[in-house]
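User: Hello! I would like to go through a structure with you, one question at a time.
Analyst: Happy to help; please show it to me.

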Amino acid sequence: VKNSRSKAPTGAKASKAKGSKAPAARRSAARRILIVDDDRITRHVLSKVLESGGYAVSTAVDGVDALEALRAKRFDLVLLDVWMPRMSGLDVLAELRASKTRVRVVVMTTDDTPATMLRAVRDQAIKYVSKPMEPGTLLDTVREAIEAPAPLPIEVVSARPDWVELVVPCTHEAADRIQAVVARLETTLPQDTRDSLAVAFRELLMNAIEWGGRLDPNHKVRIACLRSRRMIMYRIADPGPGFDIDTLSHAAIGQPPGDPIAHMQVREEKGIRPGGFGLLMVRQTADELLYNEKRNEVVFVKYLEETREAPPVHGEHV
Amino acid sequence: VDDLLATVEQLAGSAPVAPRPGVASDDATVIFDEQAALGHTGGDRTLLRQMIAMFCADRRASTRRIKTALDARDGEALRLAAHSLKGALAAIGSPAGRQAAAELEFAGRDGQFEAADRLYPVLVDRLGQLDEALATARLLTRQRSKKRGRKRT
């Protein structure tokens, strides 16, 4: 590629630094990372931080340059910007998926629009991070992205801003990915509302994945996030047999009003981690909380003030 | 001590600074948030100087790209040029600059050129204020004059 500005991996520099680096840095010395960003300041600071962590770093200035670099060399990880001249990061992801190129991709963006996030999910980016990042966060993100087991695909059934629907394998890793996406769906809401929604969503999701799906990656949880002007609704269906609230002796929600922490003793006896307040918190956050007959499907509703901005609804905007 | 430092910095600088050192600001009226910028480099002031030197070297070309796209009423080019500058401004710790670039980016994306005409001078003004703030923070490296096209040694 004529305009390629990819530089050779700084392996020599990384290995030279071996002696003075911590064990973690030495382990990562052979790891090759491709940074793709049209902003040279971002490329520079990310390169410096990753080189200090013992990684071998190459850079590409846009999507075309990145694909050229990926055809020429094997990389352990790609840090991919979204909006770039000539070819966007999302188009790079789609191209990699179409060509069955197996490389782990972390999408970096200052643009957290649902459409961007969901395209990244659909094309199997393994993480989504906001720029700029602190060095510690960057190194943690890269280490986790490289060392984690190969992520299982998440199916995007619907990627409309007002109707997001996903089918997710029952693993903690997939739950973390989805949590990161859902947390970015409602950027127009006040922070405290977003925080309480995030807690409620996580609790419902973890219940479905841990209890309904038994953390079995072959089992799937179906999630829908619906948004209208006056309402946010989460609907989560798990593959489990459901539960009876009267038998939830290990949860605060199953206790009599006069003894709300009786479940803690039960949890201790059963060897379950401390906690058990999740569903109680969800009930307090929700305006409506409905279960189906088997109780393996839940609908969470939060009403919003009418004046709040909502994403475009189908048919209203062209 | 933090409050005292914040007061002294606010009195010393002509441009708004972050309300409290050590805490990154999301306040889009802050022209330069030195603590946030240093947070991006892990406290490495030398690396921050390098980033700012790159920013200053590229700035004129970046604003020229935005102006050219704006004059040509090319929404996609405007969006990309403003987006790129937005990323650079975020990296060097300018919430107000980032915000101005983001608004131009959205105007470009939506093809709202009359709005973009109004937003462009705001961006230029904020970049001017940023220069002053960087000078106050002693983070500007004076560039040596050199003939155009001369190779660096």
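User: Let us start with A:Tyr234 and A:Phe300: are they buried or exposed?
Analyst: A quick note before the answer: this is a predicted model. The cut-off for a buried residue is under 20% relative accessible area. By that criterion A:Tyr234 and A:Phe300 are both buried.

User: What kind of aromatic pair do A:Tyr234 and A:Phe300 form?
Analyst: The ring centres of A:Tyr234 and A:Phe300 are 5.5 Å apart, with 20 degrees between the planes. Planes under 30 degrees apart count as stacked. The pair of A:Tyr234 and A:Phe300 is therefore stacked.

User: How many residues apart are A:Tyr234 and A:Phe300 in the chain?
Analyst: A:Tyr234 belongs to strand β9 of chain A, and A:Phe300 to strand β11 (residues 297–303) of chain A. Their pair links distant parts of the chain, and the separation is 66 residues.

User: How many aromatic pairs are there over all chains, and what is the geometry of the one with A:Phe201?
Analyst: Searching the whole structure gives 2 aromatic pairs. The ring centres of A:Phe201 and A:Tyr234 lie 5.0 Å apart. Their planes stand at 65 degrees, so this pair is edge-to-face.

User: Which elements does the pair of A:Phe201 and A:Tyr234 link, and which residues form the aromatic cluster?
Analyst: A:Phe201 sits in helix α9 of chain A and A:Tyr234 in strand β9 (residues 231–237) of chain A, 33 residues apart. Both of these residues are buried. One aromatic cluster is formed by A:Phe201, A:Tyr234 and A:Phe300.

User: Which helix gives the most residues to the largest nonpolar core?
Analyst: That core has 61 residues, and those with the most contacts inside it are A:Leu34, A:Ile178, A:Phe201, A:Ile223 and A:Ile236. With 8 residues, the top contributor is helix α9 (residues 191–212) of chain A.

User: How many residues are in the other core, apart from that one?
Analyst: Chain B comes into view here, with B:Phe113, B:Tyr120, B:Leu123 and B:Ala133 among the members of this other core. Its size is 39 residues.

User: What is the secondary structure of chain B, and what share of its residues is buried?
Analyst: Chain B has 6 helices and 0 strands. Read from the N terminus, its elements follow the pattern α-α-α-α-α-α. Among contacts in chain B with a separation of 6 or more, 59% are between residues 24 or more positions apart. Of its 153 residues, the buried share is 44%.

User: Back to chain A: which strands stand at the edges of the sheet with parallel pairing?
Analyst: This open sheet of 5 strands has the order β2-β1-β3-β4-β5 in chain A. Each edge strand has a single partner, so one of its sides is left without a neighbour in the sheet. Neighbouring strands are turned by 20 degrees against each other on average, direction ignored. The edge strands are β2 (56–60) and β5 (127–130) of chain A.

User: Which residue is the bridge partner of A:Ile33 in β3(A)?
Analyst: Strand β1 (residues 32–36) of chain A runs parallel to β3(A), and 4 bridges join them. In β3(A), the partner of A:Ile33 is A:Leu77.

User: Which strands are the edges of the antiparallel sheet?
Analyst: Its 6 strands form an open sheet in the order β6-β7-β8-β9-β11-β10 of chain A. An edge strand here pairs on one side only, and that applies to β6 (155–160) and β10 (288–291) of chain A.

User: Which residue stands opposite A:Leu166 in β8(A)?
Analyst: Strands β7 (residues 163–169) and β8 (residues 220–228) of chain A pair in the antiparallel sense over 7 bridges. Opposite A:Leu166 in β8(A) stands A:Ile223.

User: Finally, is A:Asp76 buried or exposed, and how far is its side chain from the backbone nitrogen of A:Arg32?
Analyst: A:Asp76 lies in the loop between α4 (63–72) and β3 (77–81) of chain A. Its relative accessibility is 12%, so A:Asp76 counts as buried. Its side chain makes a polar contact of 3.1 Å with the side chain of A:Arg74. From a polar atom of the A:Asp76 side chain to the backbone nitrogen of A:Arg32, the distance is 2.7 Å.

Note on methods. Residues numbered from 1 in each chain as written. Chains lettered and ligands numbered in written order. Predicted model: local features only at pLDDT ≥ 70, side-chain atom pairs only at ≥ 80, totals over all residues. Heavy atoms only, no water. Helix = DSSP H or I, 4+ residues; strand = E, 2+ residues; numbered from the N terminus. Buried < 20%, exposed > 50% of the residue type's maximum accessible area, 1.4 Å probe, protein only. Polar contact = N/O pair within 3.5 Å; in protein donor to acceptor, adjacent residues only side chain to side chain. Pairing = 2+ DSSP bridges. Axes fitted to C-alpha atoms, helices over the stretch in contact; angles between N-to-C directions. Core = buried A, V, L, I, M, F, W, Y, C linked by side-chain atoms within 4.5 Å. Phe/Tyr/Trp six-rings, centres within 6.5 Å; stacked < 30°, edge-to-face > 60°. Contact = heavy atoms within 4.5 Å.
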